[in-house]
Amino acid sequence: MAKSTGREPAAKKPDDAAKPPVVREPAAPPAPAPAKRGAAKSVQGAALDGRPWHESHLAMVRRARRINRELAEVYPYAHPELDFENPFQLLVATVLSAQTTDLRVNQTTPALFAAYPTPEDLAAAPPEELEELIRPTGFFRAKARSLLGLSAALRDRFGGEVPGKLDDLVSLPGVGRKTAFVVLGNAFGVPGITVDTHFGRLVRRWKWTEETDPEKVEAAVAAIFPKKDWTMLSHRVIFHGRRICHSRKPACGACPIAPLCPSYGEGETDPEKARKLLKYEKGGFPGQRLKPPPDYPGLAAPEAGPR
């Protein structure tokens, strides 16, 4: 019998091919550095390749500005989609656009402006006649009260002219910050951020903010971009929301900024199926304006049919 040495022989190593695969858990993201006072939290979402999306506030700002630059290339013709010829018409059309489409407003306002071309005329309109004219836009009784009130205020307080200051505009009946910024940005050249349903939806999908209150959304986005960009940024985001990044089923597979979107995959990712979801000029259909700008690449919208 061999004498024991007190040590067991070393076990034979199995071949590498016989080893079971090593499964490693994804590395936990590094603990965030203590936030500076007033600094925004990092944002999280899903990247185009399915990996978790983590970024600092600074990285989010850079991504947001890149989205704006790329949208400027996609929609160089972005514009307000309400037909108007002067500040008063734009103000009235914007009030009417609540809870309806710009197309419906554009089909309604020609007859309205023909009947009541000035604030003085509209302030004197019989309520029943005004309601009937704007009935297609919905909520016509409340909108008629707003139009009569703001027209009287323009007549009595502003000499029949639409004021070019935010505080004056929001003092008019039926005029909030969104309406005021539409008028300021597009009739007076004063920068403003227009937070409508499309704008709010997209900036949350892009993780620019998690706020839902329009004024808080406005403040959060205003902190990301230079003031000079605010009006055109609003047009581009709203254009994208109407044409590609829809509410119920965004066309992710046809989206030119998909690599920059933390919410990629919420909608249709197949390119062919996504292209069928595109609207207005992106889908080869008419836009919302009866009188679009000269550089608009789509078709003019049809006039209203017989009522």
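Me: Where is the place of His79?

Reply: In this predicted model, His79 is in the loop between α1 (57-74) and α2 (87-96); helices are DSSP runs (H or I, at least four residues), numbered from the N terminus. Residues are numbered from 1 along each chain as its sequence is written. As the model is predicted, local features need pLDDT of at least 70 and side-chain atom pairs pLDDT 80 or more, while totals for chains, interfaces and linings use all residues, and side-chain values use heavy atoms, leaving out hydrogens and water.

Me: Does His79 count as buried or exposed?

Reply: Buried means under 20% relative accessible area, exposed over 50%, and partly exposed in between (1.4 Å probe, protein chains only). His79 has 7% relative accessibility, so it counts as buried.

Me: Which residues is His79 in contact with, leaving aside its neighbours within four places in sequence?

Reply: Contact means heavy atoms within 4.5 Å. For His79 the partners are His235, Phe239, Arg289, Pro293 and Tyr296.

Me: Now a helix: which residues of α10 are buried?

Reply: Generally, an α-helix has 3.6 residues a turn, so residues three or four places apart point the same way. In α10 (residues 214-222), the buried ones are Val217, Glu218 and Val221. They sit on the same side of α10 because they cover an arc of only 100 degrees around the axis, taken from the directions from the helix axis to the C-beta atoms.

Me: What do the buried residues of α10 pack against?

Reply: Their packing partners are α8 (177-187), α9 (197-205) and α11 (230-243).

Methods:
Helices (H or I, at least four residues) and strands (E, at least two) are DSSP runs, numbered from the N terminus.
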